[in-house]
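Me: Please take a close look at the aromatic rings of this model, and at how they are paired and placed.

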Amino acid sequence: MPLHITDYSDEILHDISFALEAGCHLCILGANGAGKTTLAKVLCELIDSDAVTIDGKSLRHMHGTARAKAINYIPSKLEIFDAHMRVEELLALSHFDTTLHIGDALERLRITHLKDHPCKTLSSGESQLVLTASALLHGARYTLFDEPTANLDPIRMRTLFHLLADDTVLQSKIVITHNLELAYKLGFDILYLEAGHIRFHGTADRFFTQSQLDALYHGSVKNLGEHVVVSL
Amino acid sequence: MKILFLLASLSLLIAAPFFGQIALPLDELIQPQSMAHQVFMQIRLPRVLLAFLVGGILSLGGLVFQVVFRNPMSTPYTLGVASGATLFTAIAIIAGLGAYSPLFAFVGAMMTVLILFAVASRFGGYNPTTLLLVGIALGFFYAAALMVMYALSTLQESYEILRFTMGSLDIVGFGQIGILTAATALLLLIIRYYKEAFKALLVSYEFAFLQGIHVKKLSYTLLFGVSVAVGAAVSLTGPIGFVGLIIPHMLATLYQQSAEKLLVPSFFYGGVFLVLCDLIARSLADATLPIGVVTSFVGAPFFIYLLLRGRK
């Protein structure tokens, strides 16, 4: 059941077309302002378009639970109007995958202690983990993670890396990130955006060659074999 | 604390019909033919019930509007729904159709909602800020049109319009309460039916959308339900301010829980608040004070106190 986007253009993005097979994963990379979040919002129909299809069906004409089960987007920050809502209540709202219990999802992210906290007391890192738990409970066929490690400490980052790398609950993960080490270790296919255009789309092996990195990052990223680092 | 509030409120509701300008001795009250019995059944009881329903609608309506518009200031009044009702009542009075003024008021309220929806549908997506601004603009327009009505009216008509804008809970018998009860029931049914979706709306529009909810349809349905109920309420009592603003805020401070758990308390305590204000209005002065004056006199200082306390 492939996800397709065909010839999408707006003020930010230009001529975007690619496909992602069900069960395959993708990392979206690119400079600030390259259009990564916009692309994510187009893919999940938060920005209206006719360009996206899943399994041959236009996402625009999918409604209700069918759309929710097809694709989900996890923003980098938890924006919540009513911050009195407790973590468990929030998670119950996106609980589509009933084979997974809320307690299990919290356990996998090691945040069981947050279950009864009101959302207003969460730190930005904690709320990012809560959002990730909601992604697991939601269990969409395609899940977009927007900067899932942006606010995490090194220990939490590792927890999240293992979850993204080893998780089998979510069929297809699309991870937007600036963290090249994360993308390198995940080994998902890479889509690199530059000023709204797709500049690179291919395997991680091809992307992380030094010559390819030099062409895109002008020498500021080094592949040391075991790790990819930013050269300051 | 919550139990204390509940007990005090229930006692107030039970006691309220027994108080007023005319003392009602208990021994007379139990005789079906007595004057006291008639006053109690035909005036006091309908009045308390009217106050309770109207207060409940205004408060619950305020809470729903605040969630849908993402704005703590928004109530059905902010959007011109009540001003529409007032203007149309004025038109009815000047046209010599004063007897039908509740119907005109209801039409005025509903027309305002339809104008809002029509304008909003010209925008691609659902945009609460735009809708709010359109509502405020409509409110100003109505206020100006009301001035025109005053200018065109005789002294007697002016006075009638003025009395309506002050708000009044004067009512005889239960006839008109039937319509209000039906409108209340409709609103409560809509909210109950959409309760899960309403919860998702408490997170964010984007979140609700991603859970497969048709956010625009949900918002419009909620606004429509509230407007029908508020239209019915305003048509009977005139505009009564502040209830929709103060009660949801007070309960959020008291309960510290998400708004979805405040829906029932909002309705209940909104009703209790208006019954209390009406009791004050009937007891303080020789002539009954306009109810809208009392709600604002009681509400505004208390609201400011709450805000100051919340800052600490």
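Reply: What follows describes one aromatic cluster of chain A, its pairs, and two charges over rings elsewhere.

The model is predicted. Over all chains, 15 aromatic pairs are counted. One of them joins Y184(A) and F208(A), edge-to-face, with 4.9 Å centre to centre and 65° between the planes. Y184(A) belongs to helix α7 (residues 180-186) of chain A, while F208(A) sits in the loop between α8 (204-207) and α9 (210-217), so this pair ties together parts 24 residues apart in sequence. The two residues can also be described by their accessibility: Y184(A) is partly exposed, at 22% relative accessible area, whereas F208(A) is buried at 3%.

Another edge-to-face pair is made by Y192(A) and Y217(A), with 5.6 Å between the centres and 80° between the planes. Here, too, distant parts of the chain are linked: Y192(A) is in strand β9 (residues 189-194) and Y217(A) in helix α9 of chain A, 25 residues apart. Y192(A) has a relative accessibility of 4% and counts as buried. Y217(A), with a relative accessible area of 17%, is buried because the limit is under 20%.

Both pairs fall within one aromatic cluster, formed by Y184(A), Y192(A), F200(A), F207(A), F208(A) and Y217(A).

Rings also meet charged side chains across the two chains. R67(A) lies over the face of F209(B), 3.7 Å from the ring centre. In the other direction, the charged end of R70(B) sits over the ring of F81(A), at 4.5 Å from its centre.

Key:
Residues are numbered from 1 along each chain as its sequence is written. Chains are lettered from A and ligands numbered from 1 in the order in which they are written. This is a predicted model: local features need pLDDT of at least 70, side-chain atom pairs count only at pLDDT 80 or more; totals for chains, interfaces and linings use all residues. Side-chain values use heavy atoms; hydrogens and water are left out. Rings of Phe, Tyr and Trp (its six-membered ring) pair if their centres lie within 6.5 Å; planes under 30 degrees apart count as stacked, over 60 as edge-to-face and the rest as tilted. Helices (H or I, at least four residues) and strands (E, at least two) are DSSP runs, numbered from the N terminus. Buried means under 20% relative accessible area, exposed over 50%, partly exposed in between (1.4 Å probe, protein chains only). A charge sits over a ring if NZ of Lys or CZ of Arg is within 6 Å of the ring centre and within 35 degrees of the ring normal.
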